[in-house]
Amino acid sequence: MKQLQRLFAMLLVICFSNATMIQAAQAALVTTEQIAGMAAASPEDSPHARLGALMTRADVQAQLERFGLSPDVAKERIAALTDDEASLLAQQIENAPAGASDVLGVLLFVFIVLLVTDILGFTKIFPFTRSIR
């Protein structure tokens, strides 16, 4: 009987010692875009590398200097970005319209301002408005 108890105790000790060594597996869903992004990603294609290459262009450096920012400071700021921030910035730059100005929006804004000032009686530009004064 004592041998059976010893055997049971040893078996219990072995089971508990093995149970602490087992690690739980973790799983998560991965999208196709994430897999394609990891497969296509190389150090040259990283957002930081694309933004760094953009900073080497003479026209970009000239525009930065017009804004009062030296290219070296801009490169330091790019290096300080996280991968997500750099990716978002690179995507915004790629999707930005050429020229980056909305002429129609500016003209519409000026028209509305002039129209409101005409209606309030501060100006008389448009003949089709009546002043409220």
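Visitor: With which side chain does the side chain of Thr-129 make a polar contact?

Guide: The structure is a predicted model, in which local features need pLDDT of at least 70, side-chain atom pairs count only at pLDDT 80 or more, and totals for chains, interfaces and linings use all residues. Residues are numbered from 1 along each chain as its sequence is written, and side-chain values use heavy atoms, with hydrogens and water left out. A polar contact is a pair of N or O atoms within 3.5 Å (within protein, one must be able to donate a hydrogen and the other to accept it, and residues adjacent in sequence count only if both atoms are side-chain atoms). For the side chain of Thr-129, the polar contact is 3.2 Å long and its partner is the side chain of Asp-118.

Visitor: Is Thr-129 buried or exposed?

Guide: Thr-129 lies in the segment after α7 (103-120); helices (H or I, at least four residues) and strands (E, at least two) are DSSP runs, numbered from the N terminus. Not counting residues up to four places away in sequence, Thr-129 touches Leu-115, Asp-118, Ile-119 and Lys-124, where contact means heavy atoms within 4.5 Å. Because its relative accessibility is 9%, Thr-129 counts as buried (under 20% relative accessible area; exposed is over 50%, partly exposed in between; 1.4 Å probe, protein chains only). The class of Thr-129 is therefore buried.

Visitor: How many helices does the protein have?

Guide: From the N terminus on, the elements run α-α-α-α-α-α-α. Strands number zero, and the count of helices is seven.

Visitor: Why do the buried residues of α3 line one face of the helix?

Guide: In α3 (residues 47-55), the buried residues are Pro-47, Leu-51, Leu-54 and Met-55. Seen down the helix axis, these residues fall within a narrow enough span to line one face, because their arc is 100° (taken from the directions from the helix axis to the C-beta atoms). They pack against α4 (58-66), α5 (71-80) and α6 (83-95). The value behind the single face is thus an arc of 100°.

Visitor: Which element gives the largest share of the lining of the largest pocket?

Guide: A pocket is an open set of points on a 1 Å grid over the protein atoms alone, where a 1.4 Å probe fits, with protein on both sides within 12 Å along at least five of seven lines; lining residues have an atom within 4 Å of a point. Here 16 residues line the largest pocket, and Leu-54, Met-55, Val-60, Leu-64 and Ile-93 lie nearest its centre. The elements giving two or more residues to this lining are α3, α4, α5 and α6. The largest share, four residues, comes from α4.

Visitor: Which side chain joins that of Asp-59 in a polar contact?

Guide: Asp-59 is found in helix α4, and its relative accessible area of 45% makes it partly exposed. At 2.7 Å, the polar contact of its side chain is with that of Arg-57.

Visitor: What separates the C-alpha atoms of Ala-80 and His-48?

Guide: Ala-80 lies in helix α5 and counts as exposed at 62% relative accessibility. Ala-80 and His-48 are 32 residues apart along the chain, and their C-alpha atoms are separated by 9.6 Å.
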